[in-house]
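Me: I would like to go through a structure and ask how its labels are justified. Please set each value against the rule behind it.

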Amino acid sequence: EFRKIPPDEARILFALLDKDGSSQIDKTEFLQFANILLLQFDKVVIYEPILKRCFRGIDNSPAYKAFEKFVMSKWFDYVIDTILALNAVVVLIQSYPMLAGQSVEENPHLADGEIDTIWEAAETVFTAIYTIEMLTKVLVFGWHKFAESS
């Protein structure tokens, strides 16, 4: 079975075979063809976070280094994990009557778009915390690395 060689990979293979740069492959170079075909290529793409791309040299700033260290720390992860657990407890408390099979009347305040119950306030706070967490990680890691790790 023959594998298809993508054009960008074919150009690299040709460049490896064409040792003398003549844009032609002679007999000696062709004899290396089998060895060259055994090569496997990994595509490596380096993404820079938007802060580093837009503000060159920011990664040398003591404030950015401290921010990056904080976001990459285990402590940051523990805080977010604790907040996630608290959110689960709030959802459990809020949902308990329904889970216990008790009749639950629809609270008209929940559908009015206002933050006027303790549950709506808690959900809003948790949403804000998760949004801030995501933004800080995107700023430090970049979107691609953040999306890969999520």
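**From values to labels**

Me: What makes Leu135 count as partly exposed?
Reply: The model is a predicted one. Leu135 has a relative accessibility of 45%. Buried means under 20% and exposed means over 50%, so Leu135, at 45%, falls in between and counts as partly exposed.

Me: Where is Leu135, and how far is its C-alpha atom from that of Phe146?
Reply: Leu135 belongs to helix α7, which covers residues 118-141. Its C-alpha atom is separated from that of Phe146 by 9.8 Å, and the two residues are 11 apart along the chain.

Me: Phe126 is in helix α7 too. Why is Phe126 called buried or exposed?
Reply: Phe126 has 11% relative accessibility. The cut-off for buried is under 20%, so Phe126 counts as buried.

Me: Which residues does Phe126 touch, leaving out those up to four places away in sequence?
Reply: Phe126 touches Ile83, Leu86, Asn87 and Val90. A contact means heavy atoms within 4.5 Å. Lys4, by contrast, is 49 Å from Phe126, C-alpha to C-alpha, with their positions 122 residues apart in sequence.

Me: What makes the pair of Tyr64 and Phe67 tilted?
Reply: The ring centres are 6.5 Å apart and the planes make an angle of 50°. Centres within 6.5 Å count as a pair, and planes that are neither under 30 degrees nor over 60 count as tilted. The angle of 50° lies between those limits, so the pair is tilted.

Me: How are Tyr64 and Phe67 placed in their helix?
Reply: Both are in helix α5, residues 62-72. They are three residues apart, so about one helical turn separates them.

Me: Why do Tyr64 and Phe67 get the labels they have for accessibility?
Reply: Tyr64 is at 4%, which is under 20%, so Tyr64 counts as buried. Phe67 has a relative accessible area of 26%, which is between 20% and 50%, so Phe67 is partly exposed.

Me: Why is the pair of Phe70 and Phe76 called edge-to-face?
Reply: The ring centres are 5.1 Å apart, and the planes are at 75°. An angle over 60 degrees counts as edge-to-face, so the pair takes that label. Phe70 is partly exposed at 36%, whereas Phe76 is buried at 7%. Together with Trp75, these two residues form one aromatic cluster. A search of the whole structure finds four aromatic pairs.

Me: What makes Ser23 exposed, and what is its phi?
Reply: Ser23 has a relative accessible area of 56%, and exposed means over 50%, so Ser23 is exposed. Its phi is positive, about 65°, although Ser23 is not a glycine. Ser23 is in the loop between α1 (7-17) and α2 (27-30).

Me: How does the radius of gyration of the protein chain compare with that of a compact globule of 150 residues?
Reply: A compact globule of that length would have a radius near 15 Å, but the protein chain has 28 Å. The C-alpha trace spans about 85 × 45 × 30 Å along its principal axes. Buried residues make up 19% of the 150 residues.

Me: How many helices and strands does the protein chain have?
Reply: The protein chain has eight helices and zero strands.

Conventions:
Residues numbered from 1 in each chain as written. Predicted model: local features only at pLDDT ≥ 70, side-chain atom pairs only at ≥ 80, totals over all residues. Heavy atoms only, no water. Helix = DSSP H or I, 4+ residues; strand = E, 2+ residues; numbered from the N terminus. Rg over C-alpha atoms; globule rule 2.2 N^0.38 Å. Buried < 20%, exposed > 50% of the residue type's maximum accessible area, 1.4 Å probe, protein only. Phe/Tyr/Trp six-rings, centres within 6.5 Å; stacked < 30°, edge-to-face > 60°.
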